[in-house]
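This report describes a ligand site and one residue of the model shown below.

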Amino acid sequence: MSNRFQSFDSVALSGVQKLSPYQPGKPESELKRELGVTEITKLASNENPLGSSPRVVEAISHSLATLTRYPDGAGFELKEALAARHQVDSCSITLGNGSSEVIELVTRVFVAPGDEVVFSQHAFAMYPIITQAVGGQVVEVPACEWGHDLTAMLAAISDKTRIIFVANPNNPTGTWLTGDVLHNFLSRVPERVVVVIDEAYFEYANNPHAGAVDYPDAMQWLDDFPNLVVTRTFSKAFGLAGLRVGYSVSSPVIADLMNRIRPPFNVNTPAQVAALTVLDDAPHLQQSLAVNVAGMSQLTAGLVALGLNYIPSIANFICVEVGDNARVVYDALLKKGVIVRPVANYGMPRHLRVSIGTEQENSHFLSALKPVLDDLRNAREIT
Ligand SMILES: *Cc1c(COP(=O)(O)O)cnc(C)c1O
């Protein structure tokens, strides 16, 4: 029986045959089931630890009266609000079921089997997945000190290159590119190649208290570069990961192309209502950013005290180098109710990625980590 089903593997697209699926952070419910741990701290998916604002919950509950109706397929109000916010025409905006879907749309518009897509080593896992899914060729450019090496990425462009993905800041490394460097890069990329600047963590990075010098808002360059697509999401600082809503801003021409293949009702009604609400909820955003800055200091100080190196980050997560035993550390933390993210699949087998939580969650992580490291160090001394 199973053989008959396995035979489908050979008729799937060859890019799909070679894929391994996206590995999400372990859900709390799964850890509860597997280990019976009850007090759980999940710092695995870069989610907003504050939860959604009460205003969102209220707005969504009103929208529930219209669940029998299809959502507004054009996302009119949300696009108008975003257009006003970014001072662009609403026909430049493409809404997605999370910005992951926008990344998928742009890839499906431009990449045919055999075409090349360029991105950096240690970049977001969705880039290779969607590239391979459409039969494209992945061109992964070695990173430089964990960050994007834009010179090498320029050199990787060929006649077959259709898209370059740049995550700023990058997930999982938290590294970022300054305005000068990124603008210089854009001016050197041939205009026929689409450049997607993925700004999923924009709000965190753009916060003056986050410590990034000259972190750029790539939207300022949209008029200069018709091949530029900037993506943003409501999943991170805005705290709506569970509702799935993100968007891109690009030239109207590219937005129109993406709209042709966009599933017509890809952003559901509560998601549209929630996104509109959080756009106006400056206090919740400010509080989220402040919690992140405080949590980042707390975590980095705690990691230094434990004698660990980390990659400086301006996002809401940080990669800490725990050594050859990263998987052992990850498993031991799970047993103590702390879920972080292994990043071996990002080519970082010695690191773990930790999302910034509330003060209490960060303390739980640090106090769970210490005995795990002590045990490993003792074991090393004995052997
Ligand atoms: C989280 C993330 C996204 C998008 O997430 P969505 O929930 O699909 O909006 C995009 N890019 C990067 C680099 C991310 O980390």
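The ligand is surrounded by Gly 98, Ser 99, Ser 100, Phe 124, Asn 171, Asp 198, Ala 200, Tyr 201, Thr 233, Ser 235, Lys 236 and Arg 244, each with a heavy atom within 4 Å of it. The model is predicted: local features need pLDDT of at least 70 and side-chain atom pairs count only at pLDDT 80 or more, while totals for chains, interfaces and linings use all residues. Residues are numbered from 1 along each chain as its sequence is written, and side-chain values use heavy atoms, with hydrogens and water left out.

By class, this shell holds three nonpolar, six polar and three charged residues. Here Ala, Val, Leu, Ile, Met, Phe, Trp, Tyr, Cys and Pro count as nonpolar, Asp, Glu, Lys and Arg as charged, and the others, Gly among them, as polar.

Polar contacts to the ligand (pairs of N or O atoms within 3.5 Å) include these:

| Residue | Protein atom | Ligand atom | Distance |
|---|---|---|---|
| Ser 99 | polar backbone atom | oxygen | 2.6 Å |
| Asp 198 | polar side-chain atom | nitrogen | 2.6 Å |
| Thr 233 | side-chain N or O atom | oxygen | 2.5 Å |

On its own the ligand has 390 Å² of accessible area, of which the protein covers 94% (Shrake-Rupley method, 1.4 Å probe).

Ala 294 belongs to helix 14, residues 282–305 (a DSSP run of H or I, at least four residues, numbered from the N terminus). With a relative accessible area of 48%, Ala 294 is partly exposed, a class between buried (under 20%) and exposed (over 50%). The C-alpha atoms of Ala 294 and Glu 359 are 7.9 Å apart, with the two residues 65 positions apart along the chain.

Definitions and conventions. Helix = DSSP H or I, 4+ residues; strand = E, 2+ residues; numbered from the N terminus. Buried < 20%, exposed > 50% of the residue type's maximum accessible area, 1.4 Å probe, protein only. Polar contact = N/O pair within 3.5 Å; in protein donor to acceptor, adjacent residues only side chain to side chain.
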